[in-house]
Amino acid sequence: MTTDIHCHILPGIDDGAKTLEQSLAMARIAVEDGIETIFATPHHFNGVYRNPAAAVRQAVEELQQALDAEQINLKLLPASEHHLVPELIDALAAGTALTMGDFGRAVLVELPVHNIPLGTGELLEQIMAQGLVPIIAHPERNSMLARDPERLESWVGMGCLAQITAQSCTGQFGPAVQGAARQMITGGLIHFLASDAHRDRRRIPQTSPGRAQVAEWTNQAVADLIGKEFPQRLSAGALPDPQELLAVLPGQERRSWWRRMLS
Ligand SMILES: [Fe+2]
């Protein structure tokens, strides 16, 4: 069993599930894939959608009741996918922006698709100064990070974590994204594999195909750690230990990563 830490399953509040029926269909797909817990991560501050903490908690409670009524064995946790903007810092401090699972440990943040805004590193530092660990959502889908993964490496070096999208690994977003995913995973820069599902078709809540691809690129231990164990631990409010990942990463990549870290 596993946990999906990034999923737009809540109905009608962002570009994810449109209706309760679609949310329930997504939930059934997730359960079929062995997912027992989902962090519901609607967009917040992305310029289109605003979903403050109270609204997400309420939506999670309502969908959980519907899941229970349908006897779908899936647990939801409240969270958000925050666009990394200056006002996020105050919102986190004020408690109006959700941490992962409301545990007060980690925050899922996304960058724009095509660039890395000036001040991104400073915003990440300001989140960390509040005692929170930023989890960078799908860095492989940011075209600048895909070309220059050393930026991601520097953020991971300062204590950030990163989440890759399962369908990036299996090629649904094209060869460039898939190549970036592979490079980031084999470089030890990725701590979570998640679905980032939006629908009950195409972008679905399924992580096992991505996990199989990660195992092919690295080994089963890495796939299990980022595809199952670290997400499961986060669902219990515990953060992953990046050293644990580096310890099972195939040798060549690990050595080069450390060389760069130490240089
Ligand atoms: Fe997302």
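Helices are DSSP runs of H or I with at least four residues, strands are DSSP runs of E with at least two, and both are numbered from the N terminus. By this convention, Asp196 belongs to the loop between β9 and α9. The views below show a predicted model.

**View 1. Coordination of the iron ion by His6, His8, Glu81 and Asp196.** The two histidines each donate NE2, whereas Glu81 contributes OE and Asp196 contributes OD. The coordination distances span 2.1 to 2.2 Å. Angles among the four donor atoms run from 81 to 170 degrees, and the site is classed as irregular. Four donors would count as tetrahedral only with all angles between 85 and 135 degrees. Along the chain the donors are spaced as H-x1-H-x72-E-x114-D. Because His6 lies in strand β1 (residues 2-7) and Asp196 in the loop between β9 (192-194) and α9 (208-217), the pair ties together parts that are 190 residues apart in sequence. Both His6 and Asp196 are buried.

**View 2. Backbone at the iron ligand Asp196 and at His138.** Most residues other than glycine have a negative phi. Asp196, although not a glycine, has a positive phi of about 50 degrees. Its relative accessible area is 2%, and Asp196 is therefore buried. His138 likewise has a positive phi, near 30 degrees, and is a residue other than glycine. The loop that holds His138 runs between β7 (133-137) and α5 (143-147). With a relative accessible area of 10%, His138 is buried.

**View 3. Strand β1 and its pairing with strand β2 (residues 35-40).** Six of the six residues of β1 are buried, and the strand is mostly covered. The two strands run in the parallel sense and are joined over four bridges. One position to inspect is Thr3, whose bridge partner in β2 is Thr37. Between β1 and β2 the chain passes through helix α1 (residues 20-32), forming a right-handed β-α-β crossover.

**View 4. The open sheet of six strands.** The strand order is β3-β5-β6-β7-β8-β9, with parallel pairing. Strands β3 (43-44) and β9 form the edges, each pairing on one side only. Within the sheet, β5 (residues 81-83) and β6 (residues 106-110) are paired in the parallel sense over three bridges. Glu81, a donor to the iron ion, stands opposite Leu108 in β6.

**View 5. Surroundings of Glu110 in strand β6.** Glu110 counts as buried, with 9% relative accessibility. Residues up to four places away in sequence aside, Glu110 touches His43, Asn46, Glu81, His82, His83, Leu84, Ala137 and His138. Among these contacts are the iron ligand Glu81 and His138, the residue with a phi near 30 degrees. The C-alpha atoms of Glu110 and His198 are 15 Å apart, and the two residues are separated by 88 residues in sequence.

**View 6. The largest nonpolar core and a separate one.** The largest core comprises 57 residues, and those with the most contacts inside it are Leu88, Met100, Ile127, Ile135, Ile136, Leu152 and Trp155. Helix α10 (residues 220-235) supplies the largest share of this core, namely six residues. Another core, of 23 residues, lies apart from it and includes Ile9, Leu67, Leu74 and Leu98. In the largest core, Leu152 touches Ile136, Pro139, Leu145, Ala162, Met184, Leu189 and Ile190, when residues up to four places away in sequence are not counted.

**View 7. Packing of helix α9 and the position of Phe230 in helix α10.** The buried residues of α9 include Gly210, Arg211, Gln213, Val214, Ala215 and Trp217. These buried residues pack against β1, α7 (166-169), α8 (175-186), β9 and α10. In helix α10, Phe230 has 0% relative accessibility and counts as buried. Neighbours within four places in sequence aside, Phe230 contacts His191, Phe192, Leu225, Pro240, Asp241, Glu244 and Leu245. Phe230 and Thr3 are 227 residues apart in sequence, with a C-alpha to C-alpha distance of 8.8 Å. Thr3 is the residue whose bridge partner is Thr37, as shown in View 3.

Definitions and conventions:
Residues are numbered from 1 along each chain as its sequence is written. This is a predicted model: local features need pLDDT of at least 70, side-chain atom pairs count only at pLDDT 80 or more; totals for chains, interfaces and linings use all residues. Side-chain values use heavy atoms; hydrogens and water are left out. Donors are N, O and S atoms within 2.8 Å of the metal (3.2 Å for Na, K and Ca); water is not among the atoms, so sites may look incomplete. Four donors count as tetrahedral if all angles lie between 85 and 135 degrees; four count as square planar and six as octahedral if opposite donors are over 155 degrees apart and all others between 65 and 115; anything else is irregular. Buried means under 20% relative accessible area, exposed over 50%, partly exposed in between (1.4 Å probe, protein chains only). A nonpolar core is a set of buried Ala, Val, Leu, Ile, Met, Phe, Trp, Tyr and Cys residues joined through side-chain atoms within 4.5 Å. Contact means heavy atoms within 4.5 Å. Two strands pair if DSSP finds at least two bridges between them. A crossover is right-handed if, with the strands pointing away from the viewer, the path from the first strand over the helix to the second runs clockwise.
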